[in-house]
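User: Please take me through the model, and for each term you apply, tell me what makes it fit.

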Amino acid sequence: MKRLLAVFVSAAMMLSLAACGSSASPAASSSAAPSASAPASSAAATESKPEASGAGKKIGVAMPTQSSQRWIQDGGNMKEKLEELGYEVDLQYAEDDVQMQVSQLENMITNGASCLVVASIDSSALVNVLAQAKAAGIPVVAYDRLLMDTDAVDYYATFDNKGVGTAIGQYIEEKMGLKEGKGPYNIEFFAGSPDDNNAHMLNAGMFEVLQPYLDSGKLVCVSGQTDFDTICTLRWSQETAQQRMENLLSANYSTGKDVDIVVSPFDGISYGIAAALEGAGYKVGEKWPLITGQDAELMAAKNILSGKQSQTIFKDTRVLAEKCVTMVQAVLEGSQPEINDTETYNNNVKVVPSYLCTPVSVDKDNLTEMLVDTGYYTADQLKG
């Protein structure tokens, strides 16, 4: 009986150890092929999703405004991807009200955020609240807009902002035949918000391409307004841009001159420019100028198809959100996020380690390929 009992106990222990070894073997489960009855995409998503990684952790996501389509998409993409990882997400929009964004961040800190993702309205106004986050041990990821004058920002996820300006300049250079010596053309310039570092970098990239043509006389800025402080547009406002364009037209183009090119750094500004042109009697197809843009908003895409806008910069918010989410996850898990720039983004206190996504110039020729074929919009949306 004692020998039988010993054999029974030994067998039970071996079975127990085998079960433990099976449950602790990720290599075996990860290498297994997905079930034939399950779609490959869902199987891959299940395999790549660390289901419990975000459990019990709250992420505060501060976005600037819902008045622009792109920020709605950014916020929605971020929330969806973070929640897939199990994080609780506190997504807030401040409607371009700086003090509201400060208050929202204060509440996120008070409510126990594990990490903050911040797309600032005016980063200079956030220095103190970001210092509170640092004191509380909360990591901060800057989203698309660099957080200036603070050491409380850990990482930065964005697009190549100078590259956006370079792409705008190169589009004008190519479409107007400037390299081939065509011209002169009358051109007017708009820049983004002075409190957004991206606006300065974009402007620098654009002028780097176009300044030689201004110097040679192939481009002529009739108003003479080329310095950033004059051409900037606070909060990237469509209304402000429209008013300034109306003033430019009435002051400089009322004696038979036509504007041939208008440099716009954002689709919303482009809408204001187009409205001012229509008000001054310009018609699409009849000396309508080349108008650039940025963000590939749905209205901008429709305007490109109709001829009211020439070009926009496509910044795929799905890609940017994905990169930012991986940053958040890495920070909270104590690992190193993927970084591809450690030199460019100096916020006056530190060089912020960054991941730069690649922007794409879109016009009528490649709009379907870039915006419809990639699933960013449907063909029906562009018709509506």
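**Strands, burial and empty space**

Analyst: Strand 4 (residues 140–143) and strand 5 run parallel and are joined by 3 bridges. This is a predicted model, in which local features need pLDDT of at least 70 and side-chain atom pairs count only at pLDDT 80 or more, while totals for chains, interfaces and linings use all residues. Residues are numbered from 1 along each chain as its sequence is written, and side-chain values use heavy atoms, with hydrogens and water left out.

User: What makes strand 4 and strand 5 a pair?

Analyst: Two strands pair if DSSP finds at least two bridges between them, and 3 bridges join strand 4 to strand 5, so the rule is met. Strands here are DSSP runs of E with at least two residues, helices are runs of H or I with at least four, and both are numbered from the N terminus. Across this pairing, Y143 stands opposite A157 in strand 5.

User: How do you know that strand 5 pairs with strand 11, and in which sense?

Analyst: Strand 5 (residues 155–159) and strand 11 share 4 bridges in the parallel sense, and the rule for a pair is therefore satisfied here too. A157 has Y355 as its bridge partner in strand 11, and T158 stands opposite L356 in that strand.

User: Which sheet do these strands belong to, and what is its order?

Analyst: They belong to an open sheet of 6 strands with parallel pairing, in the order 2-1-3-4-5-11. Its edge strands, which pair on one side only, are strand 2 (88–93) and strand 11 (354–357). Neighbouring strands of this sheet are turned by 15° against each other on average, direction ignored; axes are lines fitted to C-alpha atoms, for helices over the stretch in contact, and angles run from 0 to 180 degrees between N-to-C directions.

User: Why is strand 5 described as largely enclosed?

Analyst: Buried means under 20% relative accessible area, exposed over 50%, and partly exposed in between, with a 1.4 Å probe and protein chains only. Strand 5 has 5 of its 5 residues buried, so it is largely enclosed by the rest of the structure. Y155, A157 and F159 point one way from strand 5, Y156 and T158 point the other way, and all are buried.

User: Is D215 called buried or exposed, and what makes it so?

Analyst: D215, which is found in helix 8, has 61% relative accessibility and therefore counts as exposed. The side chains of D215 and Q211 are joined by a polar contact of 2.8 Å; such a contact is a pair of N or O atoms within 3.5 Å, where within protein one must be able to donate a hydrogen and the other to accept it, and residues adjacent in sequence count only if both atoms are side-chain atoms.

User: Why is S193 given its burial class?

Analyst: S193 has 1% relative accessibility and so counts as buried. S193 lies in the loop between strand 6 (185–189) and helix 8, and a polar atom of its side chain is 2.8 Å from the backbone nitrogen of R235.

User: What makes the enclosed space a cavity, and how many are there?

Analyst: On a 1 Å grid over the protein atoms alone, a cavity is a set of points where a 1.4 Å probe fits but cannot get out, whereas a pocket is an open set with protein on both sides within 12 Å along at least five of seven lines; lining residues have an atom within 4 Å of a point. The count comes to 1 cavity of 30 Å³ or more. The largest cavity has a volume of about 30 Å³, and its lining consists of S120, I121, S123, R145, L146, D195, D196 and N197.

User: Which residues lie nearest the centre of the largest pocket?

Analyst: S68, W71, R235, W236 and F266 lie nearest its centre, out of 33 lining residues. The largest pocket holds about 480 Å³ of space, where a volume is the space filled by probe spheres set on grid points joined across faces, edges and corners. Among the elements that give two or more residues to its lining are helix 4 (69–84) and helix 8 (197–216).
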